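Hi everyone, thanks for having me. Today I'd like to walk you through one model, starting with the empty spaces inside and ending with a sheet.

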Amino acid sequence: MEQAGPRNAHGSVGRGAGVPDIRTGVVRVPAQPQAADVDRKRGVAAEGAGAGARGEHTHSETPIPRPRAEGARPVVQRASVRGQILDALRTALVAGELAPGEVYSAPALGERFGVSATPVREAMQQLALEGAVEVVPNRGFRVVERGTRELAELAEIRALIEVPVLLRLARTVPAARWADLRPLAEATVRAASSGCRATYAESDRAFHRGVLALAGNVQLVQIADDLHRRAQWPLVGGPVGRGRADLVADAAEHTSLLDALIAEDLAVVQSLVREHFAGAS
């Protein structure tokens, strides 16, 4: 794996704003500055006081690893800054760059993205609604700590929702419609081969959304996707995520499932579906 340059005392690389990974195009959340850096750039009397009034201090925070690519220009555009920040933070959660149990402030993250704290705070509030973080008065947002029990519960709920729907679709959807999903399945294979957990997480959800969309129930797709996203967050005290071999095996199940659906082999479909969700826990 390429290194992005010299590291500082906190193990972070460089000091630029958030930049995309040159191989995946995904925005990485860079490391946060020390409180002194934030005060000098924003002004203690103005911005620092405003952040304090909103209940966020930037001192004593755990730095976030910087992006791998150096020298690239920030990809955050003002027209859709909140959405891009939200996507970047979601990616950071899956990649483990936002560590469970750690607290991060909107002003410090905003400084590194080259934007004000407002869109970062709005994105964090959305993550709070999703259950990814929780508000910590006078400090910022703490990444929620999850254990294996919660992961197993999410897998059980997903199976209760998706398995019956998929088995019903297997009996009613023509083979040609299943064949249309082949590009989504192949995308998960490529993402798994790259070993990038964040890239695989998005392609994995895209495949499942494509399958469930055949049911014609928008609410079903939204609820299932939310559960799927939550199941991808890292566990506290455990590995950041599944290894490359696990990702490749998971992606292979997508292509095998499509093959069985196109062949209208319901017995194999049922076996693969149940194994796929059992592995999700």
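**Cavities and a sheet**

Four helices each supply at least two residues to the lining of the largest cavity: helix 5 (148-172), helix 8 (197-213), helix 10 (244-262) and helix 11 (266-279). Please keep in mind that this is a predicted model.

Which helix gives the most to that lining? Helix 8 does, with four residues. The space inside the largest cavity comes to about 70 Å³. If you want to find the place on your screen, look for E162, L166, F207 and H208, which are among the lining residues. Sorted by character, the lining has seven nonpolar residues, three polar and one charged.

How do we find such spaces at all? Rolling a probe the size of a water molecule over the atoms shows where empty space is left. In this model, the count is four cavities of 30 Å³ or more.

The second largest cavity has a volume of about 50 Å³. Around it you'll see L93, P100, A132, V143, V144, R146, W233 and P234. Seven of these lining residues are nonpolar, none is polar and one is charged.

V143 takes us to the sheet, because that residue in strand 3 stands opposite V133. The sheet is open, with three strands in the order 1-3-2 and antiparallel pairing. Strand 1 (103-104) and strand 2 (133-136) are at the edges with a single partner strand each, so one side of each has no neighbour in the sheet. Strand 2 and strand 3 (residues 140-143) are joined by four bridges in the antiparallel sense.

Thanks for listening!

How values were computed: Residues are numbered from 1 along each chain as its sequence is written. This is a predicted model: local features need pLDDT of at least 70, side-chain atom pairs count only at pLDDT 80 or more; totals for chains, interfaces and linings use all residues. Side-chain values use heavy atoms; hydrogens and water are left out. Two strands pair if DSSP finds at least two bridges between them. On a 1 Å grid over the protein atoms alone, a cavity is a set of points where a 1.4 Å probe fits but cannot get out, and a pocket is an open set with protein on both sides within 12 Å along at least five of seven lines; lining residues have an atom within 4 Å of a point. Grid points are joined across faces, edges and corners, and a volume is the space filled by probe spheres set on the points. Ala, Val, Leu, Ile, Met, Phe, Trp, Tyr, Cys and Pro count as nonpolar, Asp, Glu, Lys and Arg as charged, and the others, Gly among them, as polar.
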